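What follows is a walk through the side-chain contacts of one protein model. Please keep the sequence and the structure in view while reading.

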Amino acid sequence: MASGTIPVATVVDSHTPDKKDESDSEWLTVHQQKVTGQGDFSDPVYRLMSLKNGEINKMTKSEIYDRLLKLKLDTRGQKEVLKKRLKNFYKRKKLGMMKPRKLQNFATDTYYDYLCVIDFEATCEANNLPTYKHEIIEFPLILIDTKKLQIVDEFHSYVRPVLHSELSEFCTSLTGITQQQVAEADCFPTVLERVNTWLESHGLNGQHRFTVVTDGPWDMARFLHGQCEISGIAHPKWGKKWMNIRKSFSSFYDQRRLRLSLMLDLLGLEFEGQPHSGLDDSRNIARIVICLLRDGAELRVNERRHAGQAPVDDPEARLTSSVSRWEAERSSDEEQSETSSDEQQTDKQGADKCTGEKRTENPSDKKQEECIDKEGAKQLNDKHDVNKHSDEEQVEKSSDKDQAENFNGKKQAEKCSEKELAHLTSGITLSL
């Protein structure tokens with residue numbers, strides 16, 4: 001991402017590691033029950049893990065290095081990274097999640113089938129005014145297979161700006177993008193259509209679970225949001241929530257939030273390519289993601305654009321809201337369930353219609369049954385849309401803590417809604 005595109009006041013990150021909230025504690029309790037079959041840490045395996053962690057905390061960097069080398073694990077990185085890597089090795093080994101000899105080659109957390117890294121480059125000036133409207137001029141995507149821990153595909157396109165059709169010298173110098181490259185490129189709506197087609201070609205339209213990964217909040221919250229407003233098009237569904245890798249990195253390795261080059265340095269890696277090239281930045285972010293997964297990090301969506309409209313003349317306006325782990329998993333599961341439910345409903349309606357046509361001999365009766373079929377389907381879809389819209393408004397208006405406190409109430413409401421839908425569907429079947 002071009003650093004010149006962000007007002008200085010908005011790029012200052014917190015210097016303290018992320019803290020767990022109440023909703024994450026709820027998830028942890030459930031996770032304990034899944035692993036141990038009980039609701040506490042009374043299982044002897046946790047005492048063994050605690051003793052092992054204490055032993056590792058007393059080791060010097062050279063001792064940790066030698067142990068990792070003996071176990072044939074990655075030895076790159078600073079002491080805190082090496083310590084975390086060794087602890088997670090023994091943690092996974094004692095929990096029996098995978099055979100030790102395979103731990104260095106496979107991730108243990110594959111909640112998402114794929115992770116898609118995005119790092120836009122946008123128009124910029126040497127001294128941007130707070131009201132400056134950035135336009136995306138480079139659109140890269142790096143697709144990571146979380147099971148193979150490999151980059152499996154890439155998408156890349158330059159984008160032709162319309163408000164700032166002539167790139168500034170500062171922008172070209174910073175990003176390396178030339179005037180000719182953007183002049184010959186497609187406009188943003190066309191590029192976005194190609195991106196969506198590319199995502200669909202990998203089954204990322206509901207077949208596989210995936211999320212977007214960014215280096216900071218600005219790509220999705222400021223650049224993509226602002227570009228969609230400029231182009232007069234809807235914000236893509238996949239860009240409403242994302243994973244800020246800085247938050248994930250600082251939380252897992254217990255570090256303050258770091259920029260891309262410092263995260264690489266902590267992992268013992270060097271930046272590959274040209275800084276502020278969207279494609280090269282995305283590739284390097286992908287390397288960090290793979291390291292996190294290999295070291296045992298459980299990555300989830302952790303950010304979304306703030307529900308309110310941030311004032312364009314206030315560079316310190318908050319752009320994003322945090323997304324807790326239970327909310328990330330719940331929303332992802334609901335999206336998967338909605339896709340599956342839509343397919344099943346379509347199949348059921350088709351089968352019901354076909355059965356009705358075979359049973360009906362009188363044309364007037366056939367017409368009447370088809371009308372009942374269509375009206376019932378319309379009512380189901382209308383009710384589904386109302387429930388979905390209501391859920392989205394509640395998520396946007398509530399804080400993470402409020403959502404955790406009201407979780408049981410929502411579940412009860414969802415059960416009631418399911419009963420109503422079941423009753424309506426039963427009525428349609430009886431009419432047929």
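**Charges and rings**

Lys52 lies over the face of Tyr90, 4.5 Å from the centre of the ring. The model shown here is a predicted one. A second contact of this kind involves Lys84, whose charged end sits over the ring of Phe252 at 4.8 Å from the ring centre.

Phe252 also takes part in ring-to-ring contacts, the next topic. In the model, eight aromatic pairs are counted. One of them joins Phe139 and Phe155: the ring centres are 6.5 Å apart and the planes stand at 85 degrees, so the pair is edge-to-face. Phe139 belongs to strand β3 (residues 136–145), while Phe155 belongs to strand β4 (residues 150–158), so this pair ties together parts that are 16 residues apart in sequence. Phe139 and Phe155 are both buried. Phe252 and Tyr253 form another edge-to-face pair, with 4.9 Å from centre to centre and 75 degrees between the planes. Both of these residues, Phe252 and Tyr253, are buried as well. Beyond single pairs, one aromatic cluster is made up of Phe120, Phe139, Phe155, Phe188 and Trp198.

The remaining contacts are between charged side chains. Side chains of opposite charge can pair when their charged atoms come close. The count of salt bridges in this model is 12.

Lys52, already met over the ring of Tyr90, forms a salt bridge with Glu55, at 3.5 Å from N to O. The two residues, Glu55 and Lys52, are three residues apart in helix α2 (residues 44–57), so about one helical turn separates them. Lys52 is buried, with a relative accessible area of 17%, whereas Glu55 is partly exposed at 34%.

Asp74 and Arg76 form another salt bridge, in which the closest N and O atoms are 3.1 Å apart. Here Asp74 is buried, with a relative accessible area of 18%, and Arg76 is partly exposed, with 40%.

Which parts of the chain does the salt bridge between Asp295 and Arg85 tie together? Asp295 lies in the loop between α11 (278–294) and β7 (303–305), and Arg85 lies in helix α4 (residues 79–95), so the pair links parts that are 210 residues apart in sequence. The N to O distance in this bridge is 2.7 Å. Asp295 is buried, with a relative accessible area of 3%, and Arg85 also counts as buried, at 4%.

Finally, salt bridges with shared partners join Lys52, Glu55 and Arg67 into one network.

Notes:
Residues are numbered from 1 along each chain as its sequence is written. This is a predicted model: local features need pLDDT of at least 70, side-chain atom pairs count only at pLDDT 80 or more; totals for chains, interfaces and linings use all residues. Side-chain values use heavy atoms; hydrogens and water are left out. Rings of Phe, Tyr and Trp (its six-membered ring) pair if their centres lie within 6.5 Å; planes under 30 degrees apart count as stacked, over 60 as edge-to-face and the rest as tilted. Helices (H or I, at least four residues) and strands (E, at least two) are DSSP runs, numbered from the N terminus. Buried means under 20% relative accessible area, exposed over 50%, partly exposed in between (1.4 Å probe, protein chains only). A charge sits over a ring if NZ of Lys or CZ of Arg is within 6 Å of the ring centre and within 35 degrees of the ring normal. A salt bridge is a side-chain nitrogen of Lys or Arg within 4 Å of a carboxyl oxygen of Asp or Glu.
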